[in-house]
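Here is a short report on a two-chain model. It moves from an annotated site to the chain contact, then to salt bridges and a helix in the core.

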Amino acid sequence: MAKVVVVTSGKGGVGKTTSCASIGTALALQGFRTVLIDFDVGLRNLDLVMGCERRVVYDLINVISGEAKLSQALIKDKRVDGLFMLPASQTRDKDALTQDGVEKVIEELKADFDYVICDSPAGIERGAMLAMYFADEAIVVSNPEVSSVRDSDRVIGLLDSKTRMAENGQSVPARLLVTRYDPERVELSEMMSVKDVAEILAIPVLGVIPESESVLKASNQGVPVVHDQQADAGIAYLDAVARFLGEDRPMRFITPERKGFLSRMFGGRR
Amino acid sequence: MALKLSGQEPAFQFKGGALTVTTLELLTTDALLIEKELEQQTRRAPAFFRQTPVVLAFERLEQDNPVSLDLIVAACKRNGLIPIAVRCALDNVKQSAWALGLGWFPPQTDSHIKSVAQDKSCIARKATKFVHGTVRSGQQVYADCADLVVLGSVNEGAEVIADGNVHIWGVLRGKAIAGAQGDQDARVICQQFKAELVSVSGIFQTFESYSWPNSAAQLIEIYLDNERLVVKA
């Protein structure tokens, strides 16, 4: 039975789409048939991060309103087998997103895939609520920073009350992905530690993605950072996905690197 | 809107509106004392007192003091003030006002606040309400006529409210309100105190990080002592 996973955060710009692209790619690399759905109607981004923006013809709204078939709208990833994405509409109004329509699309995808990953828009409006409504599991993305943590807290509350599972008396199991983590700044008390964030949000930690220049580079090139196995962030995403699939892996990149003299002088972040 | 009846031009219009009127809040019924003080004030600002309409307010007086409204009104008039109405709960004052051709306003009291504070309808408590897990930002939990027990933390931006006591078995980071119907003996108890706001029986206090107890994890109890909140470690 396919699993529907929502990647959500409340706050914008914390790395939902980046994480979604890397998690989806990593799952597909493990051999799971995976589809990514972009729910950010009007602010479509996932296609850029996945590097398939030039192949978008039909989108989620077209499928919901019956203007296109699901198979026409799905875009196959060029790099990984078994990875697809369903883009959001850039031009249509987000009111076109209906609960019935989304349910139909997700049910249809569940028949064909192992994982349906929903990339939630920021905020707690219609798009975000629909992205989480049918979820079986949630990955809550948060930066180690107070406003992001508070928004994530709000979203976890909504996962526990405004989803189909919640309406059936269950709660959506949520796990925390801390992104843009800089252990050196944590040590200087300029940034919240992953322990503090996890204590406030009171959900298990799925992974910690270090702040890394390779993430921005990867997004701009349209190649999910998980493909870059030289980058800390790429390795951290692979770790997170391994944990997501039940493997027990120690956390990496949460303590400052003891740098040698030369790398302190010349080394940037990888 | 003026009504036009049988072709006749309307003679007037009624209009509602809020006017600023000077109120003379009386602290004594002694007309001589009032006049003496008025004379002093008039000398200081004669222009202010010339033909100034005033409302005589009696709320701050003891209930059973005899009031001779005619003497007070006369004292006012001699000093340029023109009493137009009284504001009081006392029936005899209201009647003499009518006799003197003055209007009447109902008393302005904080009776609403008081009636909440004295409401004892929640003395009989219902079964304690339990919340399992964290109360998160944006969530509000209310225990109606009951104690509230949170088996988790109350996060920033969350509110827990009880007509009885509030017990938090984790960290209080948000708002906790105990004795919401006015029970002054209600308490807030938490394992760790990082609250934004705590209120007991309507008396509240906001907290900044520097006003939290130093020790990170210790049991904190908050209660009312003589209408002041006490945060006790």
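Helices and strands are DSSP runs, numbered from the N terminus; a helix needs at least four residues and a strand at least two. On that basis, A:Gly12 falls in the loop between β1 (3–8) and α1 (16–29) of chain A. The model is predicted.

## The annotated site in chain A

UniProt, in an unreviewed entry, lists a "binding site" that covers A:Lys11, A:Gly12, A:Gly13, A:Val14, A:Gly15, A:Lys16, A:Thr17 and A:Thr18. From this set, A:Gly12, A:Gly13, A:Val14, A:Gly15, A:Lys16, A:Thr17 and A:Thr18 belong to the lining of the largest pocket.

Is A:Lys16 buried or exposed? A:Lys16 is buried, because its relative accessibility is 6% and the cut-off for buried is under 20%. A:Gly12 has 34% relative accessibility and counts as partly exposed. A:Lys16 sits in helix α1 of chain A.

What does A:Lys16 touch, leaving out residues up to four places away in sequence? The partners are A:Val7, A:Thr8, A:Ser9, A:Lys11, A:Asp119, A:Ser120, A:Pro121, A:Ala122 and A:Val141. With A:Ser9 there is a polar contact, side chain to side chain, at 2.9 Å.

The same UniProt source, again as an unreviewed entry, gives residues 5–225 of chain A as "domain: CobQ/CobB/MinD/ParA nucleotide binding". Over residues 5–225 the chain is 40% helix and 18% strand. The end C-alpha atoms of that range are 20 Å apart.

## Where the chains meet

Chain B contributes nine residues to the contact, and chain A contributes 11 residues. About 880 Å² is buried between chain B and chain A. Carbon and sulfur atoms give 36% of that area. On the chain B side, B:Arg136, B:Ser137 and B:Arg173 supply 57% of the area buried against chain A, more than any other three residues.

Charged and polar pairs also cross between the chains. There are four salt bridges between chain B and chain A. One salt bridge joins the side chains of A:Arg150 and B:Glu196, at 3.7 Å from N to O. Seven residue pairs are in polar contact between the chains, with both residues at pLDDT 80 or more.

## Salt bridges

The structure holds 25 salt bridges over all chains. The table gives some of them.

| Pair | N to O distance |
|---|---|
| A:Lys76 and A:Asp81 | 3.4 Å |
| B:Arg87 and B:Glu59 | 2.7 Å |
| B:Asp147 and B:Arg125 | 3.6 Å |

In the chain A pair, A:Lys76 is partly exposed at 38% relative accessible area. A:Asp81 is exposed at 63% relative accessibility.

Which parts of chain B does the pair B:Arg87 and B:Glu59 tie together? B:Arg87 lies in strand β3 (residues 81–87), and B:Glu59 lies in the loop between β2 (52–57) and α3 (69–78), so the salt bridge ties together parts that are 28 residues apart in sequence. B:Arg87 is buried, at 11% relative accessibility.

The pair B:Asp147 and B:Arg125 joins two loops. B:Asp147 is in the loop between β6 (140–143) and β7 (148–151), and B:Arg125 is in the loop between α5 (111–117) and β5 (129–132), so parts 22 residues apart in sequence are tied together. B:Asp147 is buried at 16% relative accessibility. B:Arg125 is partly exposed at 33%.

Chain A also has a network of salt bridges. It links A:Glu103, A:Glu107, A:Lys110 and A:Arg164.

## Helix α6 of chain A

Why is helix α6 (residues 126–133) of chain A described as largely enclosed by the rest of the structure? Seven of its eight residues are buried, so the description holds. The buried residues are A:Gly127, A:Ala128, A:Met129, A:Leu130, A:Ala131, A:Met132 and A:Tyr133. They pack against β1, α5 (99–110), β5 (115–119), α7 (146–159) and α8 (164–167) of chain A.

## Chain B overall

Chain B has five helices and 15 strands. Of its 233 residues, 38% are buried. Among its contacts between residues at least 6 apart in sequence, 35% join residues at least 24 apart.

Note on methods
Residues are numbered from 1 along each chain as its sequence is written. Chains are lettered from A and ligands numbered from 1 in the order in which they are written. This is a predicted model: local features need pLDDT of at least 70, side-chain atom pairs count only at pLDDT 80 or more; totals for chains, interfaces and linings use all residues. Side-chain values use heavy atoms; hydrogens and water are left out. UniProt positions are given in the numbering used here, feature names are shortened, and annotations may be inferred rather than shown by experiment. On a 1 Å grid over the protein atoms alone, a cavity is a set of points where a 1.4 Å probe fits but cannot get out, and a pocket is an open set with protein on both sides within 12 Å along at least five of seven lines; lining residues have an atom within 4 Å of a point. Buried means under 20% relative accessible area, exposed over 50%, partly exposed in between (1.4 Å probe, protein chains only). Contact means heavy atoms within 4.5 Å. A polar contact is a pair of N or O atoms within 3.5 Å; within protein, one must be able to donate a hydrogen and the other to accept it, and residues adjacent in sequence count only if both atoms are side-chain atoms. Buried area is the accessible area (1.4 Å probe) that two parts lose on being put together, summed over both.
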